[in-house]
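Colleague: I would like a close look at one charged part of this model. Please set the scene with the whole chain before you get there.

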Amino acid sequence: VKMEESTLPSIDLKKNFDLYKRIHQGHKKKLFSSLHDISEGGMAVSLSESCFGGSLGLDLKIPDEENPLEALFNEAPGRFIVTVSPDEVDSFEKLFKDSIKLGVVTQESELKIQFQNRILIKKTTESLKEIWRTPI
């Protein structure tokens with residue numbers, strides 16, 4: 001097999017190292033209510049997994065300038081899903097100036113993701129957990 005162009009994402013090691021140092025600082029300051037890497041399956045899977053631990057949900061909007069498929073399923077390294085209590089938002093934003101707010105944690109046990117006023121995903125946490133557990 002001959003590859004003409006690399007399909008692997010480029011990694012900026014210096015930028016990733018800086019990110020991990022800031023995550024460590026945030027952890028020491030107890031800024032995060034939750035923190036999950038975006039890895040296998042991309043953001044859609046990581047968001048689902050973030051909902052599994054409790055009976056809470058997420059109501060999110062993908063920014064209009066993003067490609068929703070890339071945003072939801074890209075497995076590029078150095079990305080994280082973070083939830084922060086309202087009391088910690090200012091401290092979080094000072095430490096992570098380049099973060100993107102996607103939405104809010106809800107009391108409903110449901111993951112809802114919108115893009116340009118269209119609902120892309122609206123599933124209960126329990127149904128997502130069943131899908132996640134089902135072998136391929």
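Among contacts in the protein chain between residues at least 6 apart in sequence, what percentage join residues at least 24 apart? Then take me to the patch of negative charge on the surface.

Modeller: Bear in mind that this is a predicted model. Your percentage is 77%: that share of the contacts between residues at least 6 apart joins residues at least 24 apart in sequence.

Now the chain itself. The protein chain holds five helices and six strands. Their order along the sequence is α-β-α-β-α-β-α-β-β-β-α. The C-alpha trace spans about 50 × 40 × 30 Å along its principal axes. The chain has 136 residues, and 32% of them count as buried. About 9900 Å² is exposed, with carbon and sulfur atoms supplying 53% of that area.

Next, the charges. The protein chain carries 19 positive and 22 negative charges. The mean positions of the two sets lie 4 Å apart.

That brings us to your patch. Four residues gather there on the surface: D64, E65, E66 and E70. Together they form a patch of negative charge. Take E65 as the residue to zoom in on. E65 sits in a loop. Strand 2 (57-62) comes on one side of that loop, and helix 3 (68-73) on the other. The relative accessibility of E65 is 68%. Exposed means over 50%, so E65 counts as exposed at that value.

Notes: Residues are numbered from 1 along each chain as its sequence is written. This is a predicted model: local features need pLDDT of at least 70, side-chain atom pairs count only at pLDDT 80 or more; totals for chains, interfaces and linings use all residues. Side-chain values use heavy atoms; hydrogens and water are left out. Patches are made of residues with over 30% relative accessible area and no salt bridge: like charges are joined within 9 Å, nonpolar side chains (Val, Leu, Ile, Met, Phe, Trp, Tyr) within 5 Å. Accessible areas come from the Shrake-Rupley method with a 1.4 Å probe; for residues, only the protein chains shown count as cover. A salt bridge is a side-chain nitrogen of Lys or Arg within 4 Å of a carboxyl oxygen of Asp or Glu. Lys and Arg count as positive and Asp and Glu as negative; His and the chain ends are not counted. The place of a charge is taken as NZ of Lys, CZ of Arg, CG of Asp or CD of Glu. Helices (H or I, at least four residues) and strands (E, at least two) are DSSP runs, numbered from the N terminus. Buried means under 20% relative accessible area, exposed over 50%, partly exposed in between (1.4 Å probe, protein chains only). Contact means heavy atoms within 4.5 Å.
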